[in-house]
Amino acid sequence: LERAKQKSAELIAERNKVVVLTPWSDDKRAAPNAVFRSALFPALNNQTRKFIKEQKVYSVGGLDVTFTGEQFDQSDLDVYLEILNFAKAVPLGQPVRFSAYAMLKALGRCTGKSDHKWLHSVLIRLRGGTVELCHDKGRYFGGLIDGGIRDDITKHYDVTINPSYAVMFGFGLWSAIDLDQRRALERNSTAKALHAYYSTHTAPGLHRYETLAGVVGLDNKNRRELKASLIRAHEELKR
């Protein structure tokens, strides 16, 4: 009986343990490699978003990524990276507080009514999508954000992230990307997706076009057009 009580106490302590993300510098943005090394946030390039169910998305590096919901894109990733950056200052599971104005300014967007509406729709989409991220050390399934509260008067948000998500931020499982470089790519979704992917490598080697197309979520069946799109994106990265 005493051993059972002790085990129960250990489990409760584990559940109540404060989980804080490893901090990164303010000129970086960070996320698990499962985000950057997969087509979870594809370069849709003005394509219509699809609603998909339990669909494996392309990934590399021993990752297994499944998604259910309305497709994300690179603009959603911009918002998500800012949320994670706010979240590094608070224990996971506690509210991540920010104003819509501060978020939009951080994204380099205007702050009018349509922009506030856009931001809220992104947060709804991030909450609605269910991901299953698996690597050799663990598996996370759930939302990228748990949900939140918006004050309709002040336009402030309280957003929460599941503490279990921290398993994806284990040693060697996450990467930081250069924020100024990503911002310089503006709305070039393909180049931004490639930049995020290459940022997970110390020294990127040669890649097949098919691999790069898969990682950034390009599904153009015309091989010539596909290669041309990737070449243009690389020229933008070089700039």
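**Exercise 1. Find how strands E3 and E5 pair, and place them in their sheet.**

Solution.
Step 1. In this predicted model, strand E3 (residues 64-70) and strand E5 (residues 130-135) are paired in the antiparallel sense, over five bridges. Two strands pair if DSSP finds at least two bridges between them. Helices (H or I, at least four residues) and strands (E, at least two) are DSSP runs, numbered from the N terminus.
Step 2. Pick one position to check. Asp64 stands opposite Cys134 in E5.
Step 3. Widen the view. The order E2-E3-E5-E6 gives an open sheet of four strands with antiparallel pairing.
Step 4. Look at the edges. Strand E2 (51-57) and strand E6 (138-143) each have a single partner strand, so one side of each lacks a neighbour in the sheet.
Step 5. Add the twist. From one strand to the next it averages 5°. Axes here are lines fitted to C-alpha atoms, for helices over the stretch in contact, and angles run from 0 to 180 degrees between N-to-C directions.

Two notes on the source apply throughout. Residues are numbered from 1 along each chain as its sequence is written, and side-chain values use heavy atoms, with hydrogens and water left out. In this predicted model, local features need pLDDT of at least 70 and side-chain atom pairs count only at pLDDT 80 or more, while totals for chains, interfaces and linings use all residues.

**Exercise 2. Describe strand E8 and the strands that pair with it.**

Solution.
Step 1. Start with E4. Strand E4 (residues 96-99) and E8 run antiparallel and are joined by four bridges. Phe98 has Tyr157 of E8 as its bridge partner.
Step 2. Turn to E7. Strand E7 (residues 147-151) and E8 also run antiparallel, with five bridges. Arg150 stands opposite Tyr157.
Step 3. Find the turn. E7 and E8 form a hairpin with four residues between them. Lys155 in that turn has a positive phi of about 65°.
Step 4. Sort the side chains of strand E8 (residues 156-160). Tyr157 and Val159 point to one face and are buried. His156, Asp158 and Thr160 point to the other face and are not buried. Buried means under 20% relative accessible area, exposed over 50%, partly exposed in between (1.4 Å probe, protein chains only).
Step 5. Return to E4, where Ser99 lies. Is Ser99 buried or exposed? Ser99 has a relative accessible area of 13%, so it is buried. Not counting residues up to four places away in sequence, Ser99 touches Lys155 and His156. Contact means heavy atoms within 4.5 Å.

**Exercise 3. Compare the linings of the two pockets.**

Solution.
Step 1. Get the idea. Rolling a probe the size of a water molecule over the atoms shows where empty space is left.
Step 2. Fix the terms. On a 1 Å grid over the protein atoms alone, a pocket is an open set of points with protein on both sides within 12 Å along at least five of seven lines, and lining residues have an atom within 4 Å of a point. Grid points are joined across faces, edges and corners, and a volume is the space filled by probe spheres set on the points.
Step 3. Take the largest pocket. Its volume is about 670 Å³. It is lined by 26 residues, with Ser75, Asp78, Glu186, Arg187 and Lys192 nearest its centre. H3 gives the most to this lining, with five residues.
Step 4. Count by class. The lining of the largest pocket has six nonpolar, seven polar and 13 charged residues. Ala, Val, Leu, Ile, Met, Phe, Trp, Tyr, Cys and Pro count as nonpolar, Asp, Glu, Lys and Arg as charged, and the others, Gly among them, as polar.
Step 5. Take the second largest pocket. It holds about 280 Å³ of space. Of its 17 lining residues, Ala39, Pro42, Gln55, Gln71 and Gly217 are closest to its centre. E2 gives the most, with four residues. The classes here are nine nonpolar, five polar and three charged.

**Exercise 4. Examine Asp78.**

Solution.
Step 1. Place Asp78: helix H3.
Step 2. Read its accessibility. Asp78 has a relative accessible area of 18%, so it is buried.
Step 3. List its contacts. Asp78 touches Leu107, Arg182 and Lys192, not counting residues up to four places away in sequence.

Conventions
1 Å grid on protein atoms, 1.4 Å probe; cavity = no way out; pocket = protein on both sides within 12 Å on 5 of 7 lines; lining within 4 Å.
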